[in-house]
Amino acid sequence: MTTVDTKASTRSAAAPSHAVPWDYAPAPESVKVTIQDRYGLYIGGKWVATNATFDTVNPATEQSLSQVAQADASHVDQAVAAARSAFPVWAALPGKERGKYLFRIARRIQERARELAVLETMDGGKPIKESRDIDIPLAAAHFFYHAGWADKLAYAFPGQAAPKPIGVCGQIIPWNFPLLMAAWKIAPALACGNTVVLKPAETTSLTALRLAEICDEIGLPPGVVNIVTGDGRTGEAIVNHPYIDKIAFTGSTEIGKRIARAVAEEQRPTQSGRTDAKRLTLELGGKSPHIIFEDASLDQAVEGIVQGIFFNQGHVCCAGSRLFVQESVLDETLERLNRRMSTLRVGDPLDKNTDVGAINSKQQFDTITRYIDAGIAEGAELCVPGSDNPSTVSSVTGGFDVGHFCRPCFFRNVQPSHRVAREEIFGPVLAVLSFRTPEEAIQRANNTRFGLAAGIWTDKGSKIFDMAARLEAGVVWLNTYNRFDPTSPFGGYKESGFGREGGRHGLRAYVTT
Ligand code: NAI
Ligand code: MG
């Protein structure tokens, strides 16, 4: 058992190399969290040790935080068996009683919020002000919201028979919003009377394991929530398990396609003895357009652009990573953006003043640098505001002694055919393009294989409604960006996946009607 003094990790973390005329004094988070040397799997209400384990690392310090269990197919089998045996009793509970458990989880997340925020930041690299103000409160909000639905499901889909739970749900989540994604998946499943086997991403398992502790503390019946940690092999064992009734996946488009193929090929007996296909929802990647019209309030739009792409180091599936600016205000917008970006503080994620934290893993850091190289090689112009060096990859990544860090940057003179304009980078890299007319904006914005989100900035209401209706995107934000609420459905078009999470639409994926 180790107690981690967050102040200690502050001292070893990197600071931006470029000189600014004045800077904030360090404001390290003072909460201490206890991290075990080693974690097991949470199956049937018990902690199960495994022989195989792997390191989970703090990407800001590159130091190991703990050893996490690598679950194999037999562990997944145990977890599914636990979820199956818990299912009949859980499903038969009156909705009001299930709701009470969800309310308790929500309240316990709130009570342990500081600890969860620090842990989320240490394990994943996101700035403490984001985990404290966004991730953890939203995770609690998802449990509160779905607690409210648990006894009202009969009213959720008017005109249809009372919905029934599906059974055992296998849920696989990514590393960009670890606890929040766990809440997005678990809360609606439980509210509807399903049981769960959830696998967190391998770089960010610690808050999901804390959530398992919380389930235990509030007396959730054993087997209702099972947390199995591990890499893609564990995920595959979940996807292929014959007694899982539904798969919910959030992650890369590549793995999403692989899962869709596996599920499509499979016919298996369900718990009820029927033979039908496993249900599936996929929330995958994006390359979302962010459109700025000449009549927008430019200072507000610039804040929106920054929030759209640099929130969580750009590790956001709906990040506004393709910026379209109307030609008449392009230069002015970029000048203001440049100025605003040079004030973003990059560095120690546990410092309360940090705006942009650590890149989640070495692997993701390498992916981002490859894309920056590709952008330069294809002829786009790299701009790294606040850096005195000429704009090269090292002006984005250089000057940090330890940890994986990237300064926010953008490419201008981007062609729609450039890789930085087409592919998901998942880092603090913005591709800037322009347009002349609303028609051209629509055409260029929709010219993508993705369709997760979009943003529009304009003063004119009629333009907003006309554009929003024609953008092929699951979420369209108007004069704002990256706002999330449990009552609002979220999901994609095209290669961004299918199915919705949140709101009444999200419940549909967890019931049969
Ligand atoms: P990934 O899709 O491999 O990982 C997501 C989750 O899927 C993790 O829990 C992982 O363990 C699991 N997984 C991996 N292989 C699997 C398999 N064969 N069957 C079942 N589960 C499996 O994403 P990765 O490799 O971490 O990131 C690569 C790229 O994916 C990123 O650069 C980014 O562009 C994109 N990405 C998109 C996310 C989103 O929210 N849309 C989230 C994470 C990554
Ligand atoms: Mg980690």
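How far is an oxygen atom of ligand 1 from an N or O atom in the side chain of E424? In this predicted model, the separation between these two atoms is 2.8 Å. Two further side chains make contacts of this kind. In S252, a side-chain N or O atom lies 2.7 Å from an oxygen atom of the ligand, and a polar side-chain atom of E202 is placed 2.7 Å from an oxygen atom of ligand 1. On its own, ligand 1 has 810 Å² of accessible area, of which the protein covers 87%.

The site itself may be considered next. Ligand 1 occupies the largest pocket. Three elements each contribute two or more residues to the shell around the ligand, namely α8 (232–239), β11 (246–250) and α9 (253–265).

In total, 26 residues surround ligand 1, and the closest of them are W175, K199, E202, S252 and E424. By character, the shell comprises 12 nonpolar, eight polar and six charged residues. With respect to domains, at least three residues of the shell come from domain 1 (34–283 + 496–512), and at least three come from domain 2 (289–482).

Methods
Residues are numbered from 1 along each chain as its sequence is written. Chains are lettered from A and ligands numbered from 1 in the order in which they are written. This is a predicted model: local features need pLDDT of at least 70, side-chain atom pairs count only at pLDDT 80 or more; totals for chains, interfaces and linings use all residues. Side-chain values use heavy atoms; hydrogens and water are left out. A residue is near a molecule or strand if one of its heavy atoms lies within 4 Å of it. A polar contact is a pair of N or O atoms within 3.5 Å; within protein, one must be able to donate a hydrogen and the other to accept it, and residues adjacent in sequence count only if both atoms are side-chain atoms. Accessible areas come from the Shrake-Rupley method with a 1.4 Å probe; for residues, only the protein chains shown count as cover. On a 1 Å grid over the protein atoms alone, a cavity is a set of points where a 1.4 Å probe fits but cannot get out, and a pocket is an open set with protein on both sides within 12 Å along at least five of seven lines; lining residues have an atom within 4 Å of a point. A molecule sits in a cavity or pocket if more than half of its atoms lie within 2 Å of its grid points. Helices (H or I, at least four residues) and strands (E, at least two) are DSSP runs, numbered from the N terminus. Ala, Val, Leu, Ile, Met, Phe, Trp, Tyr, Cys and Pro count as nonpolar, Asp, Glu, Lys and Arg as charged, and the others, Gly among them, as polar. Domain bounds come from an automatic or database domain assignment.
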